[in-house]
Amino acid sequence: AFLLSRGATRVVGKSYDWEEAVGLVIVNKRGVRKASLRASLWDKPAEWVSRHASLTFNQYGREFPNGGMNDAGLVIEIMWLDSSRYPKRDERVTVNELQWIQFMLDQFETVDEVAEHAQRLRVSPVTAKVHYLACDRRGQCAAFEYLAGHLTISRGDDVRALTNHSYEASAAYRGEHQGFGGAKKAPRSAGSLDRFVRASLAAKAAPSKDEVERAFAVLDDVSQGEFSKWNIVYEMDKLRVHFRSKDHPSKKYVELGGFDAS
């Protein structure tokens with residue numbers, strides 16, 4: 001996942017690389033009272049009422065998104081991270097690793113708000129080791145990772161991309177390359193760290209007249225071939241989402257404002 005900017009235009013691109021291709025595009029409405037699903041008997045389910053409508057891409061049913069955007073232009077996307085280690089049981093209320101995304105999209109407008117409230121939740125995972133990239137309409141992004149049992153939040157102007165290594169490890173590797181202080185040329189492999197360097201270079205490059213098309217070009221550049229099942233591009237200012245899939249490569253789009261969110 002990565003952010004591209006041109007003036008007030010913000011675009012997030014995401015390549016969903018996985019073994020399964022099936023999915024749903026779901027509109028999640030405002031004013032819905034919710035409680036999280038318990039992953040264990042010891043969990044204390046979080047409860048909330050959705051303040052924002054959102055459009056999400058889901059593989060495991062409603063309320064379990066793999067990523068999406070809300071009506072404030074906040075985008076949250078998920079990626080695998082083998083080094084994830086979730087917190088031990090404590091007194092905090094819980095969500096699972098996918099409900100974390102829906103909880104944040106339901107409640108908040110900015111990355112600042114997500115960062116403020118993330119510590120109040122405990123992730124009680126079902127099965128996946130993941131981390132998240134969140135970006136808002138102002139162009140602020142942050143990586144949220146559970147490392148060694150604690151939440152780590154990486155923020156700053158250079159946080160514009162995320163792949164399948166921790167942000168700290170990725171940024172250290174990026175620093176070895178041209179454009180980021182190092183001598184190496186941009187690598188061409190499909191490895192996680194190399195894809196991170198190329199996505200970071202794209203995020204740093206001069207903007208184009210059509211950031212949506214540029215985002216799709218970057219998605220082509222970081223593709224993992226058969227594993228890249230969905231390509232998604234979020235236009236945060238227009239609340240429009242473009243997508244294509246491996247089996248149906250023609251581009252489609254959907255606008256969140258086209259649905260009754262009440």
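The second largest pocket of this predicted model has a volume of about 220 Å³. Of the 16 residues in its lining, Ala21, Gly23, Trp230, Phe243 and Ser245 are the closest to the pocket centre. Three strands, β3 (24–28), β14 (228–235) and β15 (240–245), each contribute at least two residues to this lining.

The largest pocket encloses about 680 Å³ of space. Its lining comprises 31 residues, with Tyr16, Asp17, Trp18, Met79 and Trp80 nearest the centre. At least two lining residues come from each of β2 (9–17), β8 (75–80) and α4 (192–204); β2 gives the most, with five residues.

The linings of the two pockets divide by residue class as follows.

| Pocket | Nonpolar | Polar | Charged |
|---|---|---|---|
| Largest pocket | 18 residues | eight residues | five residues |
| Second largest pocket | eight residues | three residues | five residues |

The nonpolar cores form the other part of this description. In soluble globular proteins, nonpolar side chains tend to be buried together. The largest nonpolar core here holds 39 residues, and Phe2, Phe57, Leu133, Tyr234 and Val241 touch the most other members. Helix α5 (residues 211–221) supplies the largest share of this core, five residues. Leaving aside residues up to four places away in sequence, Phe57 is in contact with Leu24, Val25, Pro65, Asn66, Gly67, Trp230, Ile232, Tyr234, Val241 and Phe243. Among these contacts, Trp230 and Phe243 also belong to the residues closest to the centre of the second largest pocket. A second, separate core has 29 residues, including Leu74, Val95, Val111 and Phe144.

Note on methods: Residues numbered from 1 in each chain as written. Predicted model: local features only at pLDDT ≥ 70, side-chain atom pairs only at ≥ 80, totals over all residues. Heavy atoms only, no water. 1 Å grid on protein atoms, 1.4 Å probe; cavity = no way out; pocket = protein on both sides within 12 Å on 5 of 7 lines; lining within 4 Å. Points joined across faces, edges and corners; volume = space filled by probe spheres on them. Helix = DSSP H or I, 4+ residues; strand = E, 2+ residues; numbered from the N terminus. Nonpolar A, V, L, I, M, F, W, Y, C, P; charged D, E, K, R; others polar. Core = buried A, V, L, I, M, F, W, Y, C linked by side-chain atoms within 4.5 Å. Buried < 20%, exposed > 50% of the residue type's maximum accessible area, 1.4 Å probe, protein only. Contact = heavy atoms within 4.5 Å.
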